[in-house]
Structure formats: structure tokens, C-alpha cells
Amino acid sequence: MSAAEDASQKSKDYQIRIRGLEKTFGTHKVLKGVDLDIERGHINVVIGGSGQGKSVLMKHLMGLLKPDGGHIWVDGEDVVPMDDRELNKLRRKFGMSFQYAALFDSLTVEQNVAFPLIEHTKKSKAEIHEAVLARLGSLGLRNIEKKFPAELSGGMRKRVGLARALILEPEILLYDEPTTGLDPVATKNVDDMIRDISKQTGVTSVVISHDMASTFRIADRISMLYEGKIAVSGGPEDIKRCDLPFVREFVEMSGTVRFDERVVVDVDMSDEDDTRPRGGG
Amino acid sequence: MAQTPGGLMSGPDAAEPERQRGTWDKVVEINEKIWAIPTGILEQVGTHVTLFAQSLRWMVTPPFRIGVLVEAMDYIGVQSLLIVMMIGLFVGMVFALQLTSALRQFGTEGFVGATLGIAVTRELSPVFTSIVVAARAGAGMATELGSMRITEQIDALATMAVNPVQYLVTPRVVAGTLMVPLLSLLFVTMAMAGGYGVAVWLEHVDPGVFVENARWLVETKDLVQGLVKATVFGCALTVISCAQGFNASGGAKGVGIGTTRAVVGSFVTILVLDYFLTDIILVLQHK
């Protein structure tokens, strides 16, 4: 398959390329051939309703789930056939911020953020302490390092989770529903943080979200997962002007956009085996 | 609508195949339910064996996690000391009381120490100790790992390039396998002490006879039998508890189900294994 061979090539523009990804749980086919490209150094947002398989898609990126079909290339390396050892090596490129932070509740904030450093570096205790405080400070978290996750607010937990994801300076940052369950002010803070981190570190960001307002604030590129496939892919403006009814419904509900002008962009809802890489809108 | 060669069915005739299909569907459904029992059990066995095999594999793969192992030994072993001692004491006491009253009918109450010794070393100590540990530490581990699973902490470990089986399961299995036999030794000591107290001080059995008969009849191989069993039970109960927590799903309710299964599964497994292990050990010892 020439398209697949082409996709497997290390690309300067795309850090992650996905072709024909399929996953079934029991009798429920969640992913039905997802094709997606993740742009290097940009904020890529995958939107979609609840139960559309966004989190499942994200878990495949790091090899937490094995697909039933298809390929995922990260920097040109196919993730699907990797064994545990290779996956562990791959995962050091990633940092992941979980929906509910997923902090270890038996450890303090400092121990949580230090965890990846203790596991993967030979730094001394003093160096680790310093690095943790610096990272927490850069996210506006001070004097909480001795606290346990249960003593923090949802927004703070999320930031601690982000600090833990960032501590090893990953190349790719995954955010699973970063603004779910936050009030509007906290949501805006998280959005600003995602943009700042992207700007400061040049990290490739992949955000899974159903919060359209937040998506339009942060995204360089938006892809919509609908019925197990990427239905639309493009820049925020393309999505705003998209004519597909389910996209319009999704975007209109967020109250951020009025549909004065609509253009159909890069749409493929056909069932045929199309592995063309999608363009930028 | 079903069709017959004669055309579209209508009236009372049409209902007949419908009813038949209803019955057939029920047969299929019942058949599926019946089949689900053995396949469900096989699935559970498979899950546990797989996790056990993975934990063995990670046992010999660096990095070795001494810190988490010590923590697990503390949780399973040290923190169970008091309850195992108490239960050991009272089991020994009540057995001595029953045995004295039963043996006195034949005038053989001097054998209380020996009988108690054999029963405690071979059976009571490994079974009671593992059941206590399963109820205390097993339930705790299943709940802890279960909530770590549903709050994505296990996924978080994996994303940080740390194998969750190596970090969470292997240390616990090793700790359970090492600590349960040690606890069971302590159980033996406490039970014998409790039995001695009741038999000698309350039931006025001659202390010399109690001790001499016990020394004469209770052999090293009895203790070995008990320790072998405790080791196997310790391993089994930690694997079961970890597997139930590790594979929990479906929120708080799922964690609850996992914990219940961990405790019930451990109890049943311990007692079933006990029978077969006893059989094997007795055959080997009499060769």
C-alpha cells in the first residue's frame, strides 16, 4: 500500500500518523478505521461526543491499547508491533495529563511530580527536589508540595498532573479532557497554560476534548471523531465554517460560533478504504 | 412477518411460528447462560494465571523494587501480626478446651498437646493464617488496586514507562509468599501457648505430659507440611486479590465487586487447594 508506506516515512511536519486504526470491545466497534495526522509542535485537538472513542484513540498512541487493525507511526516508528521494552522506550517521549489527574493518592504532591525523575534519571535527591519545585512554581503552584492529592482542588490536581507529565520534558503531550469539570475561570487558566507550554517548549500537543469554547481558544488544528472515524480535519476557521450537520450541531451548542458563512472542508464520510493522508483543510 | 409457501400468513396460524421462535430463543438464551458459567470460570482462571506469569517474569527483570517490596511486606506481614497472634491464641485455647473435654471421656487428656500440635501445625495454622491475611490484606489490596485502576493511576504508571505489574503486583505476590508462612509460624506458637494455658491451668492436665506427648508425636514434617501450604496459600491469595483489583472496571461498584471476589475467591481457593495439597504431601511423606 503506497499510502501506508508513505505514511511510515518519518515526516518533518507530522510527528504522529495514524492509518486505518480499528478497535472493537466485545461486540462494539469503537474505532472503524481512524486516519489522523498530528502536526509537530502544534496543538492538535480531537473533538467528539461522549462515547465516540476519543480516549480509546489516545490510549492507542502510547500503546496502552493494542488495535485490532491499522498502524500508528510515532516519528516514523510503528507502535503496533512493539513489545513491552520498546513501548517503555517510546513512552518516555510522551507526557500525559489525565482527565482527573490520576495522581497517586498514597504519595505527596512532591513525590508524585518526582516519580518520573526517580524512575528514569540518576539525579540526586537535592536536584530532584529543586526540579520539582521549579516545575510546580512555573505552573503557579507554591507551598503545596507536602500535601496529598486529596487535599487539593480539582484545578490544582490537574496542574500537579500536568507538572508530573512535563517533568521529563516530553516531546509529545497528551491531554485527556483537560477542562472537564472546571469552572469557566479555571477552564480559561488551563487553556492559557496549554498555549503557554506549547509556545515555551515547542512540544507537540494532542488534546482530547468536547469543550468547543476551549477548543477554539487553543487549537491550531481540529479533527472531529464521529462514528469511529475522523469525519473532519482542519484549522479552527475551517471547522467553524463546516457544513456537516453533526459538526454544526456540535459547534453551535458551544455558543461560540454563528454560522454566517459555511464551507465544506476536507470531508470524507465514505466507507471505502481510503488511506490518503488528510491535508490541512 | 414470516412467509409460508402459500403466501403471507395471517390469523391464528401466524402466531404459531412466532411462539415457536419465542421458545427457541429461550432455549438459546438458557444454553448461552449455562455455557457462560464454565467459560466465565475459565476466563477468570486465565486472567489469574496470566497475571501470575507476568508477575513471575517481572520478578527476574530489573529494576528490582526493594522499596515497594518492603512496603508490601510491612502491609501484609507486620500489620497482620496482632490479629494473627490473637486468632492463634484463641484458636489454640478453644481447641484445647474441646479436646480436653472429648479426650477426658477416654482418660486420654494427656494427648491434648500432641493432638493440638498436629492439628495446628498441619492444618489450622496455614488455613487460618491465610484466611486472616486474605480478609485483611487481600481485601485491602484489591480495593487499593481497584481504585487505582478506575482513577487511571495504573494507566498513569504505564504512561510514565513503569510497568504496572512490576510495580504493583510482583512486590505484593513476593511479600505474600514470604510473609504468610512466617505469620503461620507465629500462629503455631500462639496456638500452642494458648492451648497449654487452657489445658494446664484451667483443665489441670499435667504440664509434663502435655509437653512430652507433643514433643513425641509432633514431628518436623508436620511443621514443614504447614509451612509449604502457607507458602502456596500466601502466593495464591495475593495473586487473586491483585488480579481482582488490577482488572476492576465500572467505577466504585466495580471496585466493590472486585473486593468481594478477591475475598470469596481466596477463601474458596485456599480450602480447595488445602485438600489437594494435603493429599499430595501425605503421599510424598509416606513414600
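This passage describes the confidence, the sheet of chain A, the contact between chains A and B, and a helix pair of chain B in a predicted model.

In this predicted model, local features need a pLDDT of at least 70 and side-chain atom pairs count only at pLDDT 80 or more, while totals for chains, interfaces and linings use all residues. Residues are numbered from 1 along each chain as its sequence is written, with chains lettered from A and ligands numbered from 1 in the order in which they are written.

A look at confidence comes first. The model scores ipTM 0.78 and pTM 0.81. For chain B, the average pLDDT (the predictor's confidence in each residue, from 0 to 100) is 89, and 93% of the residues score at least 70. Residues 1-11 of chain B stay under 50, and the model has 6 contacts for them beyond four places in sequence; a contact here requires C-beta atoms, placed from the backbone, within 7 Å.

Chain A holds an open sheet of 6 strands with mixed pairing, in the order 6-7-8-3-9-10. Strands (E, at least two residues) and helices (H or I, at least four residues) are DSSP runs numbered from the N terminus, and two strands pair if DSSP finds at least two bridges between them. Because strand 6 (94-97) and strand 10 (229-234) of chain A stand at the edges with a single partner strand each, one side of each is left without a neighbour in the sheet. Neighbouring strands of this sheet are turned by 20° against each other on average, direction ignored. Within the sheet, strand 3 (residues 43-47) and strand 8 (residues 204-209) of chain A pair in the parallel sense over 5 bridges, and Asn44(A) stands opposite Val206(A) in strand 8.

Where the chains meet, chain A contributes 16 residues and chain B 11 residues. On the side of chain A that touches chain B, helix 3 (84-91), strand 6 and helix 4 (109-120) each supply at least two residues. Helix 4 of chain A gives the largest share of that side, 4 residues.

Turning to chain B, helix 3 (residues 81-104) and helix 4 (residues 112-150) pack at an angle of about 145°, with their axes 10 Å apart. Axes are lines fitted to C-alpha atoms, for helices over the stretch in contact, and angles run from 0 to 180 degrees between N-to-C directions. Among the residues of helix 3 of chain B that meet helix 4 of chain B are Phe95(B) and Leu99(B); the helix 4 residues include Leu124(B), Phe128(B) and Arg136(B).

Key. Two residues are in contact if their C-beta atoms, placed from the backbone, lie within 7 Å.
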